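Thanks, everyone. I'll take one structure and walk through it piece by piece. Please keep the sequence and the model in view.

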Amino acid sequence: MRAIIVDSQGAAPALREDVPEPTPAENEVLVRVHASAANPADNSIAAGILAGMGLEHEYPITLRRDYAGVVEQAGAAVSGYRPGDQVYGFVLHANPIVHDGAWAELITVTQELSIAPAPDGVDLAIAGAAPLAGISAIAAIDALDLSEGDVLLVAGAAGGVGSLAVQLAARAGARILAPALPEDEEFLRELGVSDVLAREGDVVQLVRDRVPEGVDALLDLVNYAPGTYDAALKPDARVASPTGAAGDGPGRTNVMATPSRENLERLGALLADGTLRIPVQATYRFAQAPEALAALAGEHTQGKRAIHIS
Ligand SMILES: NC(=O)c1ccc[n+]([C@@H]2O[C@H](COP(=O)([O-])OP(=O)(O)OC[C@H]3O[C@@H](n4cnc5c(N)ncnc54)[C@H](OP(=O)(O)O)[C@@H]3O)[C@@H](O)[C@H]2O)c1
């Protein structure tokens, strides 16, 4: 079968046609993958960054995380899924070894994690772009516990997680400020951002100019350490981040996305009823997946880069 493989540490991701098809264990589901998306973690794996953090890697590694597809076969102990079911989810970046990924024509996942029924009426191409960013956005907005009228600062609002988190925050009644590029203005306003700030400017000052008392909450999707925007926060502000930028203390939550069935079903409901829209910036053919990763790292991102697998 075809898969996007990293052969050895530092090797460029490449399409290989001769990858052995996986066989499902008793508690596993074999899925034919139709759609996926590019995520920053894929680039981190390809660049060996996770290896540098001490995570064990078994090469060749199949890149990567999101998928939507159709059940091809279910192991003898699987009760919830049958051939022909449409399913979606994301595979963990390390389980516990960095090895398996979703950029393959066929993947296996256990029935307990990384799989749920695909949302009703949602194109698999959209469902496949949604899981990691969507669950991250939901977890972050849950942690911020927003109320009507709260002021939220989102750094990284134009990206995969940010473009979804903004929609959820707007639905909760928050006023959203977002540092971004001029070309993001219309895109972000349509998603629910009220104040687009120049991201290369003095963001703290720009926030204080608009909200002198400081913001109630911060979602930081950009920085890897806390503190960048602390001077823009009210003393008791809540902070959430999937990049470790929340720090420690009351109201500060470092978010980790988990592909549990419960989380996937919650995301699926938001997609199915139209509450959450997945803005797809571009769709790449399977063989172009490495180009999607290069674009994610080197070009400006608005929403998700989707991958058509089969
Ligand atoms: N812990 C978890 O479970 C988890 C889950 C999901 C994501 N994450 C992490 O969360 C981060 C965001 O993920 P993502 O998928 O949303 O990434 P993404 O799609 O690459 O989006 C990041 C966005 O932030 C923008 N940006 C960069 N610097 C900025 C700045 N100074 N001010 C405002 N915006 C800025 C980027 O613009 P440019 O394209 O111009 O740089 C891009 O639009 C990544 O580091 C990812 O690895 C962690």
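Let's start at the ligand. Sorted by class, the residues of the shell around it are 16 nonpolar, 9 polar and 1 charged. Keep in mind that this is a predicted model.

Which residues come nearest? Out of 26 around the ligand, they are G156, G159, G160, V161 and P242. As for secondary structure, the elements that supply two or more residues to this shell are α1 (40–46), α4, α5 (160–171) and β10 (175–180).

Now, the domains. The assignment gives domain 1 as 3–130 + 278–308, and domain 2 as 133–254. Both reach the ligand: the shell takes at least three residues from each of them. Taken over C-alpha atoms, the centres of domain 1 and domain 2 are 28 Å apart. How many residues are in contact across the two? On the domain 1 side there are 8, and on the domain 2 side 9. The domain 1 side of that contact divides into 2 nonpolar, 5 polar and 1 charged.

Next, the helices that line the ligand. Take α5 first. Is α5 mostly covered or mostly open? Mostly covered: 10 of its 12 residues are buried. The buried set is G160, V161, G162, S163, L164, A165, V166, Q167, L168 and A169. Look back at the ligand for a moment: G160 and V161 were among the residues that come nearest. What covers the buried part of α5? The list includes α4, β9, β10, α6 (185–191), β12 (215–220) and β16 (304–308). The length of α5 checks out too. With 1.5 Å a residue, its 12 residues should span 16 Å, and the end C-alpha atoms are 18 Å apart, which agrees. After α5 comes G173, with a positive phi near 95°.

Then α4, residues 131–144. Here 13 of the 14 residues are buried, so to speak of α4 as mostly covered is fair. Does the span fit or miss? At 1.5 Å a residue, 14 residues should span 20 Å; the end C-alpha atoms are 20 Å apart, which agrees. Just after α4, D145 has a positive phi of about 50°.

On to the strands. β10 is mostly covered as well, with 5 of its 6 residues buried. It pairs with β9, residues 151–155, in the parallel sense over 3 bridges. Within that pairing, L153 has L177 in β10 as its bridge partner.

From there, go to A198, which sits in strand β11, residues 195–198. Buried or exposed? A198 is exposed, because 12 other C-beta atoms lie within 10 Å, and 12 or fewer counts as exposed. What does A198 touch, leaving aside neighbours within four places in sequence? P179 and L206. P179 is 19 residues away along the chain, yet the two C-alpha atoms are separated by 5.4 Å.

Last stop, a sheet. Three strands form it, open, in the order β2-β1-β4, with antiparallel pairing. Which strands stand at the edges? β2 (14–16) and β4 (61–62), each with a single partner strand, so one side of each has no neighbour in the sheet. Strand β1, residues 3–6, pairs with β4 over 2 bridges, in the antiparallel sense. In that pair, V6 stands opposite I61 in β4.

To close, go back to the ligand: its shell draws on domain 1 and domain 2, and α4, α5 and β10 are among the elements that contribute. Happy to take questions.

Notes: Residues are numbered from 1 along each chain as its sequence is written. This is a predicted model: local features need pLDDT of at least 70, side-chain atom pairs count only at pLDDT 80 or more; totals for chains, interfaces and linings use all residues. Helices (H or I, at least four residues) and strands (E, at least two) are DSSP runs, numbered from the N terminus. The expected span of a helix is 1.5 Å times one less than its number of residues. A residue is buried if 20 or more other C-beta atoms lie within 10 Å of its own, exposed if 12 or fewer, and partly exposed in between; C-beta atoms are placed from the backbone. Two strands pair if DSSP finds at least two bridges between them. Domain bounds come from an automatic or database domain assignment. Two residues are in contact if their C-beta atoms, placed from the backbone, lie within 7 Å. Ala, Val, Leu, Ile, Met, Phe, Trp, Tyr, Cys and Pro count as nonpolar, Asp, Glu, Lys and Arg as charged, and the others, Gly among them, as polar. A residue is near a molecule or strand if its C-beta atom, placed from the backbone, lies within 6 Å of it.
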